[in-house]
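Visitor: I am new to this structure and would like a close look at a single part of it. Please take chain A and the places where it meets other chains, and add whatever helps in reading them.

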Number of protein chains: 4
Amino acid sequence: MNTATLLISCPDQKGIVAKITNFIYQNNGNIQHADQHIDSLTNTFFMRIEWALENFNILKENIGESFSSLAESFNMDWTLYFSQEIPRIAIFTSCVTHCLYDLLLKHQQGQLQCHLPLIISNYPQADKIARSFNIQFFQFPKTPANKQAQEEKEISLLKEEKIDLIVLARYTQIFTSQFVNEFPNRIINIHHSFLPAFAGRNPYQQACARGVKIIGATSHYVTPELDAGPIISQDVIEVSHRDSLEDLKRKGEDLERAVLNRAVRWHLERKTLVYNNKTVVFD
Amino acid sequence: MNTATLLISCPDQKGIVAKITNFIYQNNGNIQHADQHIDSLTNTFFMRIEWALENFNILKENIGESFSSLAESFNMDWTLYFSQEIPRIAIFTSCVTHCLYDLLLKHQQGQLQCHLPLIISNYPQADKIARSFNIQFFQFPKTPANKQAQEEKEISLLKEEKIDLIVLARYTQIFTSQFVNEFPNRIINIHHSFLPAFAGRNPYQQACARGVKIIGATSHYVTPELDAGPIISQDVIEVSHRDSLEDLKRKGEDLERAVLNRAVRWHLERKTLVYNNKTVVFD
Amino acid sequence: MNTATLLISCPDQKGIVAKITNFIYQNNGNIQHADQHIDSLTNTFFMRIEWALENFNILKENIGESFSSLAESFNMDWTLYFSQEIPRIAIFTSCVTHCLYDLLLKHQQGQLQCHLPLIISNYPQADKIARSFNIQFFQFPKTPANKQAQEEKEISLLKEEKIDLIVLARYTQIFTSQFVNEFPNRIINIHHSFLPAFAGRNPYQQACARGVKIIGATSHYVTPELDAGPIISQDVIEVSHRDSLEDLKRKGEDLERAVLNRAVRWHLERKTLVYNNKTVVFD
Amino acid sequence: MNTATLLISCPDQKGIVAKITNFIYQNNGNIQHADQHIDSLTNTFFMRIEWALENFNILKENIGESFSSLAESFNMDWTLYFSQEIPRIAIFTSCVTHCLYDLLLKHQQGQLQCHLPLIISNYPQADKIARSFNIQFFQFPKTPANKQAQEEKEISLLKEEKIDLIVLARYTQIFTSQFVNEFPNRIINIHHSFLPAFAGRNPYQQACARGVKIIGATSHYVTPELDAGPIISQDVIEVSHRDSLEDLKRKGEDLERAVLNRAVRWHLERKTLVYNNKTVVFD
């Protein structure tokens, strides 16, 4: 279906929903989905609204301009997306490939609405997988000495390929702030713990050492501070004293891929909004 | 807070949301919550919208009339509720009292916005509990011979007390169709299985015999067909070969009270809509 | 590690555990894992015990005979397995391949201790997948007219390949009783509902129609009665009125593959015992 | 049923299970439950074994002595419990009483095998509840200045009442190390987060601020370091951007009481063993 989607946030006040829905109605649009949220602590209004473009009176390329005066009057932050402009994803991975595999299979089944032109890794293992799915593969090994230079090459490549979203599918390198700041709210990571517990290295070992009875996985937008960005999705599974470190890793795998997949899908469907280092997810 | 809430369903068409939100905006109402859903199979539109009555231009007693012409133009089924008209609940129970206790405690803590004037049972056990919470208790023992007569007494009492919602907190008697039809979508039951599995008597024994690895609880609106009404909420818990029938009952108790409580709260907050023997829950 | 595992069931009586553990100790075996269960309703004793064969005084090929007199004295049903005798699996599938893919990937990662020489389908789609994992593929299309003949060919092939376990990874054909009875407790199916709810065809459509708030998946040993065999593992996920039939299928996929995978792994690790159409799972 | 239960830990070596089960068998005991675990990292063996005392050849008061030479030969840490020696519990609480209420109701239903002679609080609110369940209530308000003195009074009272287990049912005061060290592995706390996330004060506010999508509750044995003791049980529930701080508290309540209840029950049933600041739970 050919639709437009608006993601909006602004100070809450009377009449916002009436004005937005009138804009769509009077131009002959048919609302497919609408969801809103008011954060009462900060008095902030959030909305996601999607409507069919068939018979809509305004040409696609003019909708933004037509909407802008209304947007200004409410002091909105807003973004307009079109279902026919398919986002382009790059996946970063390392040696552990179950999350990569899952994204590729879900994409192949048509569950992720995106183009997938690029896989990047610091290791060579994913090359063969990339090839079997007909996707370009680039290896950028990183050392403290060459990290900045390699990131610059990655940035060039990502821009050349017009990448909209970077997905870190168990990528083991930490990006510099410069890299992260190039793609604000456009890098999604999977961390293999229920954050904020067990941030940083070796979360399953940390979980084992602490003797927790539940382990988890967290997908979040990447910010310069490690494992501290806005959380998009989390899930957990029970463990017991019987589970070894290997068992935790095995049980965690299914969580990681499901949680990452869900976050990427929500992002692609324009269901996520970031504010105050948190997310609104209109699922 | 002093609010009005509209629950609406109608055939989907362009302009519904714009017209409803304009009605509120032009009369100076401030929307607190709005949620909508389109069932694409039946092309049905559902909405829950709640707005502050402070400074609203229409008197409370006139809102319904003012809204009715708009409602007619879209062929709406609609109900209007006011937060200051507190619903009145009657609880039916039998010998097993953990669900009753939980409703009373949650009510005492202020988590259920209702009056609770009445507890009815076919057994005497709940009398003492009712008294300790200062609630009237009535016992109507039932036999096949006296069932209809007893139900008539119950109906009189429920009407006298202006009861809006009947909650069956592990009540073991099955009502006649006549009784059920007096209170359409206004009787909530808790059944101790994940329906449609194990409907009818002794669901934990059925679960034990079948060797399931998960047990559940289901709250639903009561219809004349046993355990077949619209499902409001469900939850489950894992079990294993180690769990005896007694263990299933114990584990199930926590589910039952949580699931029933949630369903009752959603109903009281006007978050449930019934259609096609299913529910929309605007949670 | 080189181990032997005994799975035992017998009428409960004094001294069973002492006698079994003495048998292992006096022959210089070191117990790695032991778990037991007493079903008090039927007074049946179940045990799984695994010990290291290094320095064990009895030759592998003589252990069964040495144990048999003890076994007879307690009237045991027992089976002896050796970790170095790797089971051989055949996977049956149809058009929907996510469960097949997951088994192949988990096997590739070393999480399933088995050989995987054979994939069989009534459709051609899995051929390409089989080839990419270097596994033989056979297509046996079935009609009511040729079903028995095709099953006979399948049985021949399975016996020729010395298959120990048949895994139905979303296989859409129903086997005849003759086929099922050839492989008692050695066929594992995944059904895409929380059985006993929604047995038979199109469980997601049934779930949609009933308006449940939770969907599930169930892996079970196949018996001649459809979807009624001993349950090995189940899991569920929440759904809401917002979820279309397509959403249920998508959400269910992750359940199905995880639940099937777990059941197959438990079977391969000799952790499952069947009795009274139920399972004991020593996980 | 009249049983004895041994909880054992020791360095793993050959013959332990054989020797223990022979001890029971040769003295004519019938094993009801047995569970064991080997921690392969530390090569430690753990066991819980329970047997019927009916017809057992050794008098109850002599079992410990009879077992001790065997125990010494394996260098065991061991404790012997008898089902007929009912443990005595004291509950500490503050203003928030849902956990207290749940323990009292579960005790009343016969689900917690203990005596419950004592409720202690720093606030007066629980007095009325204590009285309605016929339990002694003591109020010990605490300030930094009087804390040590008040704790000494509490210790005297606990010893006088021969208290075996202290349960902190949302008790808001932090104990001194002296107090904690008087009751090693005999104080169970409920913390309203999934530890180690959100230790310390106001975990729901911390969770709200971080924007997590899951909240949890953790029961653990109390050690001198705050919220860092061995974890016995944890559970979680999903939350979203729609949930206010009040919603988190409400949703968390059901978790807290269920998780605390489970931990207390496991302790009373002698199913918990502490090692390395972790627990083995033979559930």
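Guide: What follows describes chain A, then its contacts with chains D and C, and then some local details of the backbone.

This is a predicted model, in which local features need pLDDT of at least 70 and side-chain atom pairs count only at pLDDT 80 or more, while totals for chains, interfaces and linings use all residues. Residues are numbered from 1 along each chain as its sequence is written, and chains are lettered from A and ligands numbered from 1 in the order in which they are written.

Confidence comes before the contacts. The average pLDDT of chain A is 97, and 100% of the residues score at least 70; pLDDT is the predictor's confidence in each residue, from 0 to 100. For the complex, the predictor gives an ipTM of 0.95 and a pTM of 0.97.

Chain A holds eight helices and 13 strands. These elements are DSSP runs numbered from the N terminus, helices being H or I of at least four residues and strands being E of at least two. Along the principal axes, the C-alpha atoms of chain A fill a box of roughly 60 × 40 × 35 Å. The radius of gyration of chain A is 21 Å, which agrees with the value near 19 Å that a compact globule of 283 residues would have. That radius is taken over C-alpha atoms, and the globule rule is 2.2 Å times the number of residues to the power 0.38.

Of the 283 residues of chain A, 44% count as buried. A residue is buried if 20 or more other C-beta atoms lie within 10 Å of its own, exposed if 12 or fewer, and partly exposed in between, with C-beta atoms placed from the backbone. Of the contacts in chain A between residues at least 6 apart in sequence, 68% join residues at least 24 apart. Two residues are in contact if their C-beta atoms, placed from the backbone, lie within 7 Å.

Now the contact with chain D. Here 22 residues of chain A are in contact with 22 residues of chain D. On the chain A side, the elements that give two or more residues are β11 (231-238) and β13 (278-281). Sorted by class, that side has 10 nonpolar, eight polar and four charged residues. Ala, Val, Leu, Ile, Met, Phe, Trp, Tyr, Cys and Pro count as nonpolar, Asp, Glu, Lys and Arg as charged, and the others, Gly among them, as polar.

A turn of 180° with a shift of 0.0 Å along the axis lays chain A on chain D with an RMSD of 0.0 Å. In chain A, the C-alpha nearest this axis belongs to A:Ala197, 2.3 Å from it. Copies are superposed by least squares on the C-alpha atoms of residues with pLDDT of at least 70 in both. The two copies meet through the same surface, because 100% of the interface residues of chain A are also interface residues in chain D.

The contact with chain C takes seven residues from chain A and seven residues from chain C. On the chain A side, α3 (98-108) and α8 (245-268) each supply at least two residues, and α8(A) gives the most, with three residues. By class, this side has three nonpolar, two polar and two charged residues.

Chain A can also be laid on chain C by a turn of 180° and a shift of 0.0 Å along the axis, with an RMSD of 0.0 Å. That is the relation of a two-fold axis. The C-alpha of chain A nearest that axis is that of A:Asp254, at 4.2 Å. Chains A and C meet through the same surface, because 100% of the interface residues of chain A are also interface residues in chain C.

Some backbone details remain. Most residues other than glycine have a negative phi, and most peptide bonds are trans. The bond from A:Leu195 to A:Pro196 is cis, with omega near 10°, and A:Pro196 is found in the loop between β9 (187-191) and α7 (203-210) of chain A. In chain D, Asn276 has a positive phi near 50° although D:Asn276 is not a glycine. D:Asn276 lies in the loop between β12 (272-275) and β13 (278-281) of chain D and is exposed, with 12 other C-beta atoms within 10 Å.
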